[in-house]
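Got the sequence and the 3D view open? Let's take a walk through this protein together, one piece at a time.

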Amino acid sequence: MEISLSGVEDDTALRVVETFDRWGWGGAVVEQIVGGGVTRSVIKTYLPAEKHETLRQIEIDLALLDQVYKAEGRAPLPPVQTRSLGETDWAEAWKANYHPLRIGRHLVVKPTWCDYSPRQEDLIIEPDPGMAFGSGLHPTTRLCLELLEDTVQPGARVLDVGTGSGILAIAAGKLQASLVLGLDIDPLAVRVAHQNVALNGLESVIEVQEGTLETGDEMPPKTGDATWDVIVANILAEPIIEMSAIWRLNMAARGVLSTSGIIAERADDVIASLH
């Protein structure tokens, strides 16, 4: 089945995406519509028809979010819509929402099943997330890709925290980083990221591991005493705050930290933790 919310305001979309990424098969798909100076989104995810309990969990999470918004005097969430799909339609429907997307000056994210005629200067990222993991091309990921293009210099060492399907790590590799480490606490994400790294021919540059930086100056296996020129973290505010001190210990003297995925209410807390 397809689950969707239509007409979601831009500042609410991230919260809905988090819920759909958590419970949906294929993660969250975001289609943005701009009109009258306001950006609104159609957000979708997919579930097997028999996953009634999971659908109920999505409805509960959204209902709780709606109550918070009402208490704050904000606009309520639009109603959840569901649509039944045949087996073949369900297996392919999520792919129809993904198209080649140009980001920044040279980066192009092109799912493996899409046709695309590249320009000479294009750096092509080819993800194949599979039904169990979304491509992650919502606004926070696009922002991080733009920041990577501005900050990754040839030979840089890049740490991608919460690598997901590996798109940011692959982008760093395409930008000629000499070493990229992608970390994720989700074993499924690690497996998908490994596959995507191989699809893009970057196994010699990118390593993907399950886990995170946990204590002091201790580094993950196989990285020795590495310090990072660029750390990118497209995750939530709380883990950013928790790991900020560790990142500072493991960042090069002129290193750059790029973070995204932070809701407005937590921005000041994140900023304070990074000073």
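What follows is a tour of a predicted model, from a single helix to the cores and the charged pairs.

Let's begin with helix H1, which covers residues 10-23 and holds Glu18. Right beside Glu18 in the sequence sits Thr19, also in helix H1. Are these two buried or exposed, or something in between? Glu18 has 27% relative accessibility, so it counts as partly exposed. Thr19 comes out at 10%, so it counts as buried, the cut-off being under 20%.

Which residues do they touch, once we skip the neighbours within four places in sequence? Glu18 is in contact with Leu236, Gly261 and Ile263. Thr19 has its own set of partners: Ile58, Asp61 and Leu62. Try finding Ile235 as well: it is 217 residues away from Glu18 along the chain, yet their C-alpha atoms are separated by 9.9 Å.

Now jump to helix H7, residues 237-249. It has 13 residues and stretches 19 Å from its first C-alpha to its last, close to the 18 Å expected at 1.5 Å a residue. Have a look at Met243, where a kink of about 50° is centred. Met243 is also one of the buried residues of H7, along with Ala237, Ile240, Ser244, Ile246 and Trp247. What do these buried residues pack against? Their partners are strand S8 (157-161), strand S11 (228-234), strand S12 (251-260) and helix H8 (267-273).

Next, the nonpolar cores. The largest one has 28 residues, and the members that touch the most others are Ile125, Leu145, Leu148, Val152, Val158, Val180 and Ile206. Several elements each supply at least two residues of this core: S6, H4, helix H5 (167-174), helix H6 (187-199), strand S10 (206-210) and S11. H5 gives the most, with six residues.

Zoom in on Ile125 to see what this looks like up close. Not counting residues up to four places away in sequence, Ile125 touches Leu107, Val108, Val109, Lys110, Leu145, Ile167, Ile170, Ala171, Lys174 and Asn200. Apart from the largest core lies another one, of 17 residues, and its members include Val17, Ile43, Leu47 and Leu77.

On to the charged side chains. Side chains of opposite charge can pair when their charged atoms come close. How many salt bridges does a search of the whole structure find? The answer is nine.

Take the one between Glu2 and Arg83, whose closest N and O atoms are 3.2 Å apart. This pair links distant parts of the chain, with Glu2 in strand S1 (residues 2-9) and Arg83 in strand S4 (residues 81-83), 81 residues apart. Glu2 is buried because its relative accessibility is 8%, while Arg83, at 45%, is partly exposed.

Arg102 and Asp122 form another salt bridge, and here the closest N and O atoms are 2.9 Å apart. Again distant parts of the chain are linked: Arg102 is in strand S5 (residues 101-103), and Asp122 is in the loop between strand S6 (107-109) and strand S7 (123-125), 20 residues apart. Arg102 is partly exposed at 30% relative accessibility, and Asp122 is buried at 10%.

Then there's Lys110 with Glu126, whose side chains meet in a salt bridge of 2.8 Å, N to O. Both are in loops: Lys110 in the one between S6 and S7, and Glu126 in the one between S7 and helix H4 (139-151), 16 residues apart. Lys110 counts as buried at 9%, and Glu126 as partly exposed at 26%. Finally, salt bridges that share partners join Glu238, Arg266 and Asp269 into one network.

One last stop: the cysteines. A disulfide is a covalent bond between the sulfur atoms of two cysteines. How many disulfides are there when we ask for sulfur atoms within 2.5 Å? The count comes to zero. Two cysteines you can look up are Cys114 and Cys144. Cys114 has a relative accessible area of 12%, so it is buried. Cys144 is buried too, with 0% relative accessibility.

How values were computed: Residues are numbered from 1 along each chain as its sequence is written. This is a predicted model: local features need pLDDT of at least 70, side-chain atom pairs count only at pLDDT 80 or more; totals for chains, interfaces and linings use all residues. Side-chain values use heavy atoms; hydrogens and water are left out. Helices (H or I, at least four residues) and strands (E, at least two) are DSSP runs, numbered from the N terminus. Buried means under 20% relative accessible area, exposed over 50%, partly exposed in between (1.4 Å probe, protein chains only). Contact means heavy atoms within 4.5 Å. A disulfide is a pair of cysteine sulfur atoms within 2.5 Å. The expected span of a helix is 1.5 Å times one less than its number of residues. The bend at a residue is the angle between axes fitted to the seven residues ending there and the seven starting there. A salt bridge is a side-chain nitrogen of Lys or Arg within 4 Å of a carboxyl oxygen of Asp or Glu. A nonpolar core is a set of buried Ala, Val, Leu, Ile, Met, Phe, Trp, Tyr and Cys residues joined through side-chain atoms within 4.5 Å.
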